[in-house]
Amino acid sequence: MKILSENTCFGGVQGVYSHASAATGCDMTFALFLPAEARDGPVPVLWYLSGLTCTHENAMTKAGAQAWAAEHGIALVFPDTSPRGEGVADDAAYDLGQGAGFYLNASQDPWKPHYQMWDYIAEELPALLFENFPLEQARQAITGHSMGGHGALTLAMRLPGRFASVSAFAPICNPSASDWGRKQLTAYLGEDEAAWALHDASLLMAQTGFDGPMLIDTGTKDQFLDLLRPETLAQAIAARRQQAIFRMQLGYDHSYFFISTFMEEHVAFHADALYAV
């Protein structure tokens, strides 16, 4: 693991690191914010999964999360959204290939050799983090935006007991029925829609739900509402009687102005769950 940068931030340290990944077969970069409390021992950790076209850097610099994480003594992890580099398959479109890993394990060529993002986020990166940094494995929560909201919700529901809480900003809620999903799921997983269901938050909510609190925020002026399909997740939450807060925020769009506005509430929501563990 290489240290790319470390900067003092709200009394803690905002670092950026790279490492050779066995899961993706290439070098991966991630960012980690450690609050001041980490100098004295392990701290709880909140994962933030970013959306299409993003890297580790977008949320690290735009979401304003570090101030609120420092207030609660919580670490933040900002992984990259896909494998990258020479020899890694890509596409000319912004919503497929590098920057668009969709947090799944690809089974189709040319994506299969590198696009194993589920294994990377669920197994490899956590193992690396808990071995090298003062983080509490028993106290984890997860959030994300757009494609990352999709990833946060699917990981939380498919890894029972891993996360104390889950939240999402404008998540892709029903990718198996959306153009932000059908295209990528077909490319990465093939035509078998049964395999897609494991990566659809609305379908997972109907089947398994989440054993903990959820918080979902989406803007009423989000320019991608028809692709996000928030109503499908809302219906599944209601049908299951899932413990959840689902909010349509008046006037907000898909941008980081929206995310930074509600980040304080999301971090506090996760802090309540993490310190109740």
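Phe-102 lies in the loop between strand S5 and helix H3 of this predicted model. Its phi is near 60°, a positive value in a residue other than glycine. The relative accessibility of Phe-102 is 0%, and because buried means under 20%, Phe-102 counts as buried. The loop between S5 (75-79) and H3 also holds Pro-110. The peptide bond that leads from Asp-109 into Pro-110 is cis, with omega near 0°.

The loop leads on to H3, which spans residues 117-132 and packs against helix H4, residues 147-158. Two packed helices are described by the angle between their axes and the distance between the axes. For H3 and H4 the angle is about 60° and the axes are 12 Å apart. Angles under 35 degrees count as roughly parallel and those from 65 to 115 as roughly perpendicular; H3 and H4 are therefore oblique to each other. Their crossing is right-handed. On the H3 side the contact is made by Trp-118, Ile-121 and Ala-122, and on the H4 side by Thr-154, Leu-155 and Arg-158. Sorted by class, the contact of H3 with H4 has 4 nonpolar, 1 polar and 1 charged residues.

A second helix pair is formed by H2 (residues 65-72) and H10 (residues 256-274), whose axes come within 9 Å and cross at roughly 30°. That angle makes H2 roughly parallel to H10. The crossing of H2 and H10 is right-handed. H2 contributes Ala-65, Trp-68, Ala-69 and His-72 to the contact, while H10 contributes Met-263, Glu-264, Val-267, Ala-268 and Ala-271. By class, the contact of H2 with H10 has 7 nonpolar, 1 polar and 1 charged residues.

The next element to consider is strand S8, residues 214-219. S8 pairs with strand S7 (residues 166-169) in the parallel sense over 4 bridges, and Ser-167 stands opposite Leu-215 in S8. S8 also pairs with strand S9 (residues 244-249), again in the parallel sense, over 6 bridges. In that pairing Leu-215 stands opposite Ile-245 in S9. Leu-215 thus has a partner in S7 and a partner in S9.

How many of the 6 residues of S8 are buried? The count is 6 of the 6, so S8 is largely enclosed by the rest of the structure. Met-214, Ile-216 and Thr-218 point one way from the strand, whereas Leu-215, Asp-217 and Gly-219 point the other way, and all are buried.

After the strand comes Thr-220, in the loop between S8 and helix H8 (225-228). Its relative accessibility is 33%, so Thr-220 counts as partly exposed. Thr-220 and Met-248 are 28 residues apart along the chain, yet their C-alpha atoms are separated by 5.8 Å. Leaving aside neighbours within four places in sequence, Thr-220 is in contact with Leu-225, Met-248, Gln-249, Leu-250, Gly-251 and Tyr-252.

Further along, Arg-229 is placed in the loop between H8 and helix H9 (230-240). Arg-229 has a positive phi of about 55° although it is not a glycine. Phe-102 likewise has a positive phi. Their accessibilities can be set side by side: Phe-102 is buried at 0%, whereas Arg-229 is partly exposed, with a relative accessible area of 23%.

Definitions and conventions:
Residues are numbered from 1 along each chain as its sequence is written. This is a predicted model: local features need pLDDT of at least 70, side-chain atom pairs count only at pLDDT 80 or more; totals for chains, interfaces and linings use all residues. Side-chain values use heavy atoms; hydrogens and water are left out. Axes are lines fitted to C-alpha atoms, for helices over the stretch in contact, and angles run from 0 to 180 degrees between N-to-C directions. Helices (H or I, at least four residues) and strands (E, at least two) are DSSP runs, numbered from the N terminus. Angles under 35 degrees count as roughly parallel, over 145 as roughly antiparallel, 65 to 115 as roughly perpendicular and the rest as oblique. A crossing is left-handed if the near helix is turned anticlockwise from the far one by less than a right angle, and right-handed if clockwise. Contact means heavy atoms within 4.5 Å. Ala, Val, Leu, Ile, Met, Phe, Trp, Tyr, Cys and Pro count as nonpolar, Asp, Glu, Lys and Arg as charged, and the others, Gly among them, as polar. Buried means under 20% relative accessible area, exposed over 50%, partly exposed in between (1.4 Å probe, protein chains only). Two strands pair if DSSP finds at least two bridges between them.
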